Structure formats: C-alpha cells, structure tokens
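Here are some friendly notes to read alongside the model. They take up the ligand site and then a few backbone details.

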Amino acid sequence: MADIRIFSYLPNPRVWKSLIAAELCNVDVEVIGDKPAALGSWLWDFNAHQLSEDERSDDSPYARKSRRGFNGTLFKTDAFLEAHPFGTVPAAFSSDGNVGVFESNSILRAVVRTSAEDHGLYGYDHQSASRVDSFLDADLVFAREAQVYLLAADNMDQATAERMAAAYEFFLNGLEQALTTSHYIAGDELTIADIGICCDVFQFLRERLLASKLASNGFTPISDDLEVQYPQVTQHLRQLSTRPVFNQYLGRELQRTLGP
Ligand SMILES: N[C@@H](CCC(=O)N[C@@H](CS)C(=O)NCC(=O)O)C(=O)O
C-alpha cells in the first residue's frame, strides 16, 4: 500500500510537485486518474474508478456541478467531499483513506513529512520550514491568478490580463530578489519551495503556447519579458528542470516554453 494516494487529471503539474519530492525523499506515492476530459466519467473517491454510462446520470446521488476548470457534471461521493470539502483535484489521501489532503502545495508538504529520511527539503527547523511556507503561500496566490488567467485564454479580457500582469510582476520580482542572495529560493539548499514554484511557473509559461489565442483578442504573453527581466529565475528554472528527477516531468515544458 502506498504512503499517499493522489487522484487527479493527468498529466498535471500540480501532481508533479509531489512526484518530484517523493522521488527525492523516498516516499511511495500512488497516482490514479485520467486525461482531463475523461475525469467527468470517473467517480471521485478514495477508490476512484471509471463509471459506466448508466451510472453517469444527472440524478445520480454523486452528481455535482463542477466549479472550476471543469464543465458540467462531476461525480463525487459524500466521503470524497468529507475528505476534500472544496471538491478539487489533485486530491490526496492517507494510505487508509481516512485523511484527505488538498491543495497541491499541502500535498507536497505531506509527502516530505511522510519521509523517514533526513532530506532537508522542508528546512531543518521550525524557522527554516516557516520560510519555505512563506514562499509556498506566495506561490499559491500567484498560481491562483495563473489558473484564472489560463482558463480565460480563449476569451481574454483586460481586467483578467491586468490582474495576472500585476501578480506576475510581484511574484517574479520577489523570486528574482531571493535568487540574487541565495542559491535556491528559500536558502542555499533545495527545498519544496523550489519544487512547488518551479512547477507552477512552468504551468504559467504555457501562456506562451497560447500566444495566437491571446493575440486574437489583442493580448501578448505576459511572460515575454521573463528572460530579460528575471535572469536569475530563468536560470533557476533551467537548472532545476534539467536535473533528471525534475526533467522527466518538466523537460518537455522547458523545451516548449523556454527553449533549448
Ligand atoms: N490550488 C489548487 C487548485 C485545484 C483546483 O482548482 N482544481 C480544479 C481543477 S483545475 C478542480 O478540481 N475542480 C473541480 C470542480 O470543478 O468541481 C491546487 O493547487 O491543488
């Protein structure tokens, strides 16, 4: 039995956070899921599985209106909603299914807390761990803006683009500043702040792949200035994503968004 089970649409950069950390600190993480469009035909539960067509009716006791990132009806058990009150994926569970952990940065924390090794990925004391948390909290604020922005890419509007530009400028400035004084984001060693932020920034950089959609409404990718304005961040993303453990998940993102 795995230490932690994660149910999600796949592939998902939010899940990669936990998978990268799990490999670095020897934790067994089991991932269950399907392509984003297929998750509407799954029962969202600790024992998640595909439903037959008959079971997928709107009068099913599990039918719930999707909230963000999905359309139409999703099928979530009461137990799922007890474990995951916001009803989102990635959805992690303790090995017995009794404890639900949501928010990808918190799932990431759960993975490194589960490790029996002295890995330092979450700092070495309460102060360094709190500094890691500071960056992960700032990352969540950025990632939430990025989620709204990317979901609106087909039909971008001025207000959404402006909010994203402000969040990007604030967050990237902070990262650049941090990387000017230390080798890694939260200090001189690799931590889960690097892992979480690297996955979320690469997810945001997918806006570069949506440039023609953005252009059809008169917008250009906000991150076009990344390499020039944020050289330390750019170098950090490159260095991390070429490490083998990161590269298996982020290598393709690196090629597609930052180039060779
Ligand atoms: N900040 C969250 C985002 C999770 C999230 O918003 N997931 C969406 C899909 S992108 C979801 O599960 N939506 C379920 C629904 O629409 O009911 C994280 O990092 O885990």
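Helices and strands here are DSSP runs, with at least four residues for a helix and at least two for a strand, numbered from the N terminus. Please keep in mind throughout that this is a predicted model.

1. Let us start with the ligand and where it sits. The ligand takes up the space of the largest pocket. Two elements each give two or more residues to the shell around the ligand: β6 (73–76) and α4 (126–151).

2. Which residues come nearest to the ligand? Out of 17 residues around it, these are R67, K76, V89, E103 and S104. By character, the shell is made up of seven nonpolar, five polar and five charged residues.

3. The polar contacts deserve a look with the side chains switched on. K76 places a polar side-chain atom 2.7 Å from an oxygen atom of the ligand. For Q147, the distance from a side-chain N or O atom to a ligand oxygen is 2.8 Å. R14 also takes part, with a side-chain N or O atom 3.5 Å from an oxygen atom of the ligand. As for cover, the ligand taken alone exposes 520 Å², and the protein buries 94% of that.

4. Now to the backbone, beginning with some background. Most peptide bonds are trans, and most residues other than glycine have a negative phi. The next points collect departures from that pattern.

5. Where are the cis peptide bonds to check? One runs from L10 to P11, with omega near -10°. P11 belongs to the loop between β1 (4–9) and α1 (13–25). Another cis bond joins V89 and P90, with omega about 5°, and P90 lies in the loop between α2 (78–83) and β7 (91–94). V89 will be familiar from point 2, as one of the residues that come nearest to the ligand.

6. N26 is not a glycine, yet its phi is positive, at about 60°. You will find N26 in the loop between α1 and β2 (29–34). Is N26 buried or exposed? Its relative accessibility is 57%, so N26 counts as exposed, the cut-off for that being over 50%.

7. E103 also has a positive phi, near 70°, in a residue other than glycine. Its place is the loop between β8 (100–102) and α3 (104–114). With 37% relative accessibility, E103 counts as partly exposed; that value takes only the protein chains as cover. E103 is also among the residues that come nearest to the ligand, so it is worth viewing the backbone and the pocket together here.

Conventions:
Residues numbered from 1 in each chain as written. Predicted model: local features only at pLDDT ≥ 70, side-chain atom pairs only at ≥ 80, totals over all residues. Heavy atoms only, no water. Near = heavy atom within 4 Å. Polar contact = N/O pair within 3.5 Å; in protein donor to acceptor, adjacent residues only side chain to side chain. Areas by Shrake-Rupley, 256 points an atom, 1.4 Å probe, with all protein chains shown as cover. 1 Å grid on protein atoms, 1.4 Å probe; cavity = no way out; pocket = protein on both sides within 12 Å on 5 of 7 lines; lining within 4 Å. Sits in = over half its atoms within 2 Å of the grid points. Nonpolar A, V, L, I, M, F, W, Y, C, P; charged D, E, K, R; others polar. Buried < 20%, exposed > 50% of the residue type's maximum accessible area, 1.4 Å probe, protein only.
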